[in-house]
Amino acid sequence: MTDLPASDHRPVRVLLADDEELIRHGVRLILRHAEGIEVVGEATNGEEAVRVAGETRPDVALIDIRMPVLDGLATIERLLALRPRPRVVMLTTFGDEKNVTRALRSGATGFLLKDEGPQELISAVRAAAAGDAVLSPKVTRTVIERMLNGDAGEPGPEGASAPASGSVPEQRLAALTDRERDVLALLGRGLANAEIGRRLGIGVGTVKTHVSAVLVKTGTDSRVQAAVLAYRTGLLS
């Protein structure tokens, strides 16, 4: 059985898991008034989130990193073992950079700050449902720096999936067109495809084509690794 894709003909189904009632209430209110999005379940801890996800089959799971019983990092593994599996977006505070890095390595689609504005939250849910990485620009650079430093003794992105032996970051950009470099720079700022399209004046389908080309040409396996490359080569300066 394959992952459950979001459909143009039905709402994006969202599971919300956070032990803070105020956070759940605020997110629920925002998403309830968003066209094409439906909150299908809520949970106060990771174990409950996994159970509710199995019952409701959400497209996107918004999961707090810090929860009782089963924390967000352990919850990711169990959610991604479900079939169909949801796209998992972590809810975090600015001080959680280390855990965010671990979450991304564990397979999370991305992360959101808990104080994001309503439109950012709605856009992030839609982007995750469409298969885009959701990386809050406010902390993307901090997370990238942690990944470059191999925080907590874990291998950084290049150690986990290194390019061809002897390659240099700048050389990996040589095959990119000017437009692909523009796309890579915006990936490095944590922007989703729709926002990249707005910035560059092109359609989302064209953005996806460019993103795929960037990943192939630079030898990176994910948008996060591409963002690291953009940072290392000075495209974000």
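Is the crossing of H9 and H10 right-handed or left-handed? In this predicted model, the crossing of H9 and H10 is right-handed. Helix H9 spans residues 178-188 and helix H10 residues 193-200; their axes lie 10 Å apart and make an angle of about 130°. Angles that are neither under 35 degrees, over 145, nor from 65 to 115 count as oblique, so H9 is oblique to H10.

On the H9 side, the residues that meet H10 are Arg179, Asp182, Val183, Leu186 and Leu187, and their partners in H10 are Ile196, Arg199 and Leu200. By class, this contact of H9 with H10 has five nonpolar and three charged residues, and no polar ones.

The protein chain as a whole holds twelve helices and six strands. Of its 237 residues, 49% are buried. Among contacts with a separation of 6 or more, 69% join residues 24 or more positions apart.

The largest nonpolar core has 26 residues, and those with the most contacts inside it are Ile63, Ile76, Leu79, Val88 and Met90. The elements below each supply at least two residues of this core.

| Element | Residues |
|---|---|
| Strand S1 | 12-17 |
| Helix H2 | 46-56 |
| Strand S3 | 60-64 |
| Helix H3 | 72-80 |
| Strand S4 | 87-92 |
| Helix H4 | 97-105 |

A second, separate core has 22 residues, including Ile23, Ile122, Ala124 and Val125.

Leaving aside neighbours within four places in sequence, Met90 is in contact with Ile63, Asp64, Ile65, Gly72 and Ile76, and also with Ala103, Ala108, Gly110, Phe111 and Leu112. In soluble globular proteins, nonpolar side chains tend to be buried together.

Notes
Residues are numbered from 1 along each chain as its sequence is written. This is a predicted model: local features need pLDDT of at least 70, side-chain atom pairs count only at pLDDT 80 or more; totals for chains, interfaces and linings use all residues. Side-chain values use heavy atoms; hydrogens and water are left out. Axes are lines fitted to C-alpha atoms, for helices over the stretch in contact, and angles run from 0 to 180 degrees between N-to-C directions. Helices (H or I, at least four residues) and strands (E, at least two) are DSSP runs, numbered from the N terminus. A crossing is left-handed if the near helix is turned anticlockwise from the far one by less than a right angle, and right-handed if clockwise. Contact means heavy atoms within 4.5 Å. Ala, Val, Leu, Ile, Met, Phe, Trp, Tyr, Cys and Pro count as nonpolar, Asp, Glu, Lys and Arg as charged, and the others, Gly among them, as polar. A nonpolar core is a set of buried Ala, Val, Leu, Ile, Met, Phe, Trp, Tyr and Cys residues joined through side-chain atoms within 4.5 Å. Buried means under 20% relative accessible area, exposed over 50%, partly exposed in between (1.4 Å probe, protein chains only).
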